[in-house]
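Colleague: I am new to this structure and should be grateful for a close look at a single part of it. Please choose one residue as the starting point and then lead me outward to the rest of the chain.

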Amino acid sequence: MSRPVISIAGLSKTYAGGLEALKSVDLEIGKGEIFALLGPNGAGKTTLINIVCGIVTASSGTVTVDGHDHVRDYRAARTRIGLVPQELHTDAFESVWATVNFSRGLFGRPRDPAYVERVLKDLSLWDKRKAKIMTLSGGMKRRVMIAKALSHEPEILFLDEPTAGVDVELRRDMWNLVRRLRESGVTIILTTHYIEEAEEMADRVGVISRGELIVVEEKTTLMKKLGKKELTLNLAAVMDAVPDELEEWKLTLRADGHELVYAFDANAERTGVPSLLGRLRDLGIGFKDLNTRQSSLEDIFVSLVHEPARGDRP
């Protein structure tokens, strides 16, 4: 990892009602990387982002943004951050141009019409620059939120569920923009429910569950370490149940008995595939076709967040 641009240490948050939203989170994010934070609803993703951005106060712990303590040196830390929140909060009666320019001024940046024009064009908003925000579609309002977040040229961009409920075109435009921003040195932290996006875009992945950061890993390393392969056999004859003679391979039936599936560790010295195929031959179980599939980041995510939490009884 390159030098940390965000350092989080012992970060905890307990709300007034007793809800423990974050439990001693430690995390470093390198300059210029795309970091994907995955987790189910209520896991603590938005709380973590809101603390780093100065919107929510932590119960304990520290956050350093590009060397600046986010509490003691709030202005310097916050100026370096752009945030695209989940919720659409926009001044409905203002024009797109006025809203983005005003947001730039809030951070003390001098007027730069050429920069604002470039941002609006990158987000396909230039033709809507004079339109009042109240007249825009939901997808266009989302683009305005991104433009506002980029208005002061931040070095770090937080995208909190940025493509939730938006159209395919906006999603594609957004990820093209993210790639260009990263190429210019911007660090990007995103939360998403679309795991295939994290799989395509992220350099590293963090998985948060019940307020705990349960894994942080290079995406490719995580998939190699935790990913399994699936061998699917398309059976010649329908099978009602897996025979006892095949118990050691822990097979499952799918597609109404037409498919026999074997999950195995592709990195293991002995995968068990040759012995399984030999046993099937001995038992006279024929198959018409077979294929293997590497488990996806979604498979890994589901397996991680459904493991019992520390201290939970099985």
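Modeller: I begin with K141, which is partly exposed, its relative accessible area being 22%. The limit for a buried residue is under 20%, so at 22% K141 falls into the intermediate class. Please keep in mind throughout that this is a predicted model.

K141 has its place in helix 5. Leaving aside residues up to four places away in sequence, K141 touches L88, I133, M134 and L136. There is also a link to a distant part of the chain: A92 is 49 residues away from K141 in sequence, and the C-alpha atoms of the two are 9.6 Å apart.

From helix 5 one may step to the loop before it, which leads to the aromatic residues. The structure contains two aromatic pairs. In one of them, the ring centres of W97 and W126 are 6.1 Å apart and the planes stand at 75°; planes over 60 degrees apart count as edge-to-face, which is why this pair is given that name. W97 belongs to helix 3 (residues 96-106), whereas W126 sits in the loop between helix 4 (113-122) and helix 5 (138-150), so the pair ties together parts that lie 29 residues apart in sequence. W97 itself is partly exposed, with a relative accessible area of 24%. The other pair joins Y262 and F264, with ring centres 5.6 Å apart and planes at 20°; because planes under 30 degrees apart count as stacked, this pair is a stacked one. Y262 and F264 are both buried.

W126 also has charged company. K121 lies over the face of W126, at 5.2 Å from the ring centre. R129 lies over the face of W126 as well, at 4.0 Å from the ring centre.

The chain as a whole gives these details a setting. The protein chain has ten helices and 14 strands. Of its 314 residues, 46% are buried. Among contacts with a separation of 6 or more, 70% join residues 24 or more positions apart.

One such covered region is helix 1, in which seven of the eight residues are buried. The buried residues of helix 1 are K45, T47, L48, I49, N50, I51 and V52. Just after helix 1 comes G54, with a positive phi of about 80°.

Helix 1 also borders an empty space. The structure has one cavity of 30 Å³ or more, and the largest cavity holds about 60 Å³ of space. Its lining consists of I6, I8, L27, I29, L37, L48, I49, V52, F158 and I189. By class, these lining residues are ten nonpolar, with no polar and no charged residues. Strand 1 (4-14), strand 2 (20-30) and helix 1 (45-52) each give at least two residues to this lining, and helix 1 supplies the largest share, three residues.

Near the other end of the numbering, helix 9 (residues 273-282) has V273, L276, G278 and L280 as its buried residues. Helix 9 is followed by G284, whose phi is positive, near 75°.

Strand 9 offers another view of how distant parts of the chain are placed. S209 has its place in strand 9 (residues 204-209), and at 8% relative accessibility S209 counts as buried. The C-alpha atoms of S209 and G44 are separated by 7.3 Å, although the two residues are 165 residues apart along the chain.

Two further residues deserve a look for their backbone angles. R210 is not a glycine, yet has a positive phi of about 55°. R210 is found in the loop between strand 9 and strand 10 (212-218), and with a relative accessibility of 43% R210 counts as partly exposed. K250 is likewise not a glycine and has a positive phi of about 50°. The place of K250 is in the loop between strand 11 (229-235) and strand 12 (252-254). Exposed means over 50%, so K250, at 69% relative accessibility, counts as exposed.

To return to the starting point, K141 is a partly exposed residue of helix 5 that touches residues including L88 and I133.

How values were computed. Residues numbered from 1 in each chain as written. Predicted model: local features only at pLDDT ≥ 70, side-chain atom pairs only at ≥ 80, totals over all residues. Heavy atoms only, no water. Phe/Tyr/Trp six-rings, centres within 6.5 Å; stacked < 30°, edge-to-face > 60°. Helix = DSSP H or I, 4+ residues; strand = E, 2+ residues; numbered from the N terminus. Buried < 20%, exposed > 50% of the residue type's maximum accessible area, 1.4 Å probe, protein only. Lys NZ or Arg CZ within 6 Å of the ring centre and 35° of its normal. 1 Å grid on protein atoms, 1.4 Å probe; cavity = no way out; pocket = protein on both sides within 12 Å on 5 of 7 lines; lining within 4 Å. Points joined across faces, edges and corners; volume = space filled by probe spheres on them. Nonpolar A, V, L, I, M, F, W, Y, C, P; charged D, E, K, R; others polar. Contact = heavy atoms within 4.5 Å.
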